[in-house]
Every structure is written in structure tokens, then in C-alpha cells.
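Here is a quick tour for someone meeting this protein model for the first time. Take a look at it, and then we can walk through some of its details together.

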Amino acid sequence: MQQFESWVTSLSNLVWGPHLLILLIGTGVYLTFRLGFIQVTRLGFGLKEAFLPKPKTGAEAEKQKTQRGDISHFQALMTALAATVGTGNMVGVATAVVLGGPGAIVWMWLSGFIGMATKYAEAILAVKYRVVDERGEIAGGPMYYLEHGLKKKWLGMTFALFAAIAAFGIGNGVQTNSISMALNTSFGIPMLVTGIVLMVLTGFVILGGVKSIGKVVGVFVPVMIIGYVGGGLVILVMNFELIPSAFATIFSSTFSAEAIGGGALGAAIRYGVARGVFSNEAGLGSAPIAAAAAKTDFPGRQALVSMTQVLIDTLIVCSITGLTIVMSGQYTSGLQGIELTQASFAYFLGPIGEIIVTVSLVFFAFSTVIGWCYYGERSVYYLLGERSIVPYRVVYILVAGLGAMTTNLNLIWAISDVFNGLMAIPNLIGLLFLSGVVVAETKRFELERQKELRQAA
């Protein structure tokens, strides 16, 4: 078994080697230029659509009733955030800083910036090529735009297979294990008890389908993000005099002659980009599955909303973690992972800082379990049809409990890493070859947006 684990770990390192990172970043750069830096020019509109939607009255209200979709723009965004804002925002950032130095944060920011264009393209294609399933619910995502847009069903099936398997690991067992270990360490709660509770809670939410998931995360996700970010902002405000030196450390670690000559720049790029992608999932093809379920009149409208997910996940939540770690100086202490983040918050806030991180980890990880179940079931539905959904949910619930009770998940983590990376390859192929469709849909919605502005004037 140890030999097999070593082989899978080597395979994981191969899949997530420089070639995949270059493909991910290269696709984002290409789309950024083709779309005219849409993450800058239309970010404000996307945020407004997500959090300050226009009240629908009269003809607009009637129009909204006829729009296809199962959940609102906001709920679709929260479902995607539920799956992406997780342990990567705390554990992943800490790992990047330890392995790549403070300069890794710069590359995490850059990957997040260009990842916004990638996320936009994924969402616009997901909505354009979505279908109505046998139960009258919306189904969409990379498998559908690979089949109906690119006309390569085998690529769609490949993506769906990898996504359905990856959901059990990265989206489920690894997350529930993080929850049970954190609660056991901080509060002495037995892992068996946590596992049973998580099975019940997971079942309660996901057996209701996407509408139930959308309603729960619509309340759940904003609260958990505000709680964690709030704690981080308290640290930044109370210690604002340390912020300039923290930025100086981050940028000097990235661009100094010593960093470039000593090879530190390569490590910063590798871990900063990799952890940034793990955190926001731009290019992996997971989030557009949720975007496809949104009620919307134009693919471009939901795409602009989906784009804001990366801003929230990487450029806000991950930045809070990274700045706190650098300001505390704890990254040189030998601590790693969640312990480093806990120690950094505790450095400024005392025991309450560790509690904030622990409680946030619990909520972040559980939200990931909920969001990834939807991704997994949509993927298995694409492969096997409606009859596969309930069995998949049941197995998913069982894995949530088993993951929480397991003391060693190294093999599951490595296997999930492999399939998570393999998801990205067919998705990125679709984004590159369908970029012309993305541009055309963008222009179509821009005409509609200009029309709306004239009507409002």
C-alpha cells in the first residue's frame, strides 16, 4: 500500500507539473487579452448584478418568470463560493508561503487576476450550452459545452468522469477530515461524533437538490466569509503600521536579485500559482456547473457575476490570510498548514484568534462538501442519467462520514489531486477552441447592457 501511495503521489506531481500550470495561466492570459481585460472594465457591473440586483417590477418581473434557471444569480455565486472558499484559503496559502516564500502571494494575486477572465469564459459557455434534464432542472457545465459547442462528446465524458471521482476526495473526504481533526484538537470532540453529525447535516442539505443547496449556501456562505475576513480585518486595522513592511517583504521576496539568482523566484511562481488555482478553481471547470443553474436572460450577465467569485476567494480571502501570516512572521517558525494560520491569528488576537481560524475552517470545509456534491452529481448524471443521482448522493453522504473518521487521508488526497488536475485539461481545451463564442456572446450582452443604460437614463 505504501508503494502504491508513493506511485500516486508521483503521478499527482506529474499532473500538476509546470505544463499544466503554464496551460492554466496561458489560457487566462489569452482570454484576458481577447476580452479586453474584462475583469477590470466590467467588474463593477458584475458586483452590482450579484449583490445589488435591480428590483423587478411590471414587465421586468414577468420577463424574469420566463427566464430559464433554477436559482438566482446570487445563489449561483454562493454555491460556487461554497465549493471554492475552503481549506485552500487557509491551509493552501500557508503552504504557499512556507514553500515559496512571501513572494508566492504576488503570484497568487496574478493567477487570481487572470483567473477572473477564465472564470468568466467558463460561465458564459456553461449558460449558453446548458440543457433541461429529465426532471425539468437545468444541467450545464464543461461536459455540455464540450459536447454541444466543441462537438467532442468524448471530451465531455472524460471531464465528467474525472469530476465525479474528484468530488469524493478534494470536495468531500479531505474536507470532513479537516473538520473532525480541527474540532478534536481544539475542543476535544471525538471524530466519530463529528462524522455522524456531518453525515446527517450533509444529507439534510444535498438530498433536496440544487434549490435546497442554493438556499442554504445563500445564507451560510456570506456569514462564514464575513466572519473570517472580519477577524482578519481587525488584525490589519489594529496593526496597520505593519502593513507597509509586509508588502515590502512580499515584493522584495519576489523580485529581489537574491530571489531571482537563488532560485526563490521559481519556487514562488510554482507554489503561488498552484495554490491560487487550487483556491479559486479557475480553469478546472467546476464552478460553471453551478453558474449554468442560474436564472438569467443572457449568458454574459451570469458570467460577469461568476467572475466576481475569484475576486472574493483569492484577492480578498486569501490576501487576508497571506498578509496576516507575513505580518506575524510565523512563517519562519517551522509551522505549516492550518497550524501556521492559527498561530498567525493567535499572535495578534490571542486564543480567540485560533478559535476564529478553527471555526472558520469548519464552516469553509463543510460548505465545500455541499458545493462539490452538486458538481459530482451533475457529472454522474451526464454519464449515467437520472437514476444515478440518488445513489451518488447516498455514497457521497457515507464518504463524508468515513472521511471524518479516518486518521490518514494521504492516499485519498493524492488520488483526488490527480483527478482534479485531469479535469482541467479537457476544460481548457474547450475554452481555447470556443473563445470565439465567448467573444461573440460578450458583444451580444454588451449591446443589451447599453440598451439598459439608455432606458435607465
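## Glu 147 and helix 9

Let's start with one contact: the side chain of Glu 147 reaches the side chain of Tyr 382 in a polar contact of 2.7 Å. A polar contact here is a pair of N or O atoms within 3.5 Å; within protein, one must be able to donate a hydrogen and the other to accept it, and residues adjacent in sequence count only if both atoms are side-chain atoms. Glu 147 sits in helix 9, which covers residues 142-149. Helices (H or I, at least four residues) are DSSP runs, numbered from the N terminus.

Does Glu 147 count as buried or exposed, and what is the nearest side chain of opposite charge? Glu 147 is buried and has no salt bridge, and that nearest side chain belongs to Lys 153, 4.3 Å away. Buried means under 20% relative accessible area, exposed over 50%, and partly exposed in between (1.4 Å probe, protein chains only). For charge, Lys and Arg count as positive and Asp and Glu as negative, while His and the chain ends are not counted. A salt bridge needs a side-chain nitrogen of Lys or Arg within 4 Å of a carboxyl oxygen of Asp or Glu.

Glu 147 has buried company: seven of the eight residues of helix 9 are buried, so the helix is mostly covered. Among them are Pro 142, Met 143, Tyr 144 and Tyr 145. Just after helix 9, Lys 151 takes a positive phi of about 65 degrees.

## About the model

This is a predicted model, where local features need pLDDT of at least 70, side-chain atom pairs count only at pLDDT 80 or more, and totals for chains, interfaces and linings use all residues. Residues are numbered from 1 along each chain as its sequence is written, and side-chain values use heavy atoms, with hydrogens and water left out.

## Salt bridges

How many salt bridges does the structure hold? There are eight. One of them pairs Arg 42 with Glu 446, with the closest N and O atoms 2.9 Å apart. Arg 42 lies in the loop between helix 3 (38-41) and helix 4 (43-51), while Glu 446 is in helix 22 (residues 435-456), so the pair ties together parts that are 404 residues apart in sequence. Glu 446 is partly exposed, with a relative accessible area of 23%.

Next come Arg 301 and Glu 49, whose side chains meet in a salt bridge at 3.5 Å, N to O. Arg 301 belongs to helix 17 and Glu 49 to helix 4, so this pair ties together parts that are 252 residues apart in sequence. Both partners are tucked away: Arg 301 is buried at 6% relative accessible area, and Glu 49 is buried at 11%. Glu 49 and Arg 301 are also linked with Asp 297 and Glu 452 in a network of salt bridges.

Within helix 22, the side chains of Arg 444 and Glu 441 form a salt bridge too (3.2 Å, N to O). These two residues are three apart in that helix, about one turn. An α-helix has 3.6 residues a turn, so residues three or four places apart point the same way. Arg 444 is partly exposed at 39%, whereas Glu 441 is buried at 7%.

## A nonpolar patch

On the surface, Phe 187, Ile 352, Ile 355, Val 359 and Phe 363 make a nonpolar patch of about 410 Å². Patches are made of residues with over 30% relative accessible area and no salt bridge: like charges are joined within 9 Å, and nonpolar side chains (Val, Leu, Ile, Met, Phe, Trp, Tyr) within 5 Å. The areas come from the Shrake-Rupley method with a 1.4 Å probe, and for residues only the protein chains shown count as cover.

Which helix gives the most to the nonpolar patch? Helix 19 (residues 351-384) does, with four residues. Phe 187, for its part, is in helix 10 (residues 153-187) and is partly exposed at 42% relative accessibility.

## Thr 308 and the cysteines

Thr 308 lies in helix 17 (residues 299-328) and is buried, with a relative accessible area of 0%. A polar atom of the Thr 308 side chain is 2.6 Å from the backbone oxygen of Val 305.

As for disulfides (pairs of cysteine sulfur atoms within 2.5 Å), the count comes to zero. Cys 318 is buried at 2% relative accessibility, and Cys 373 is buried at 0%.
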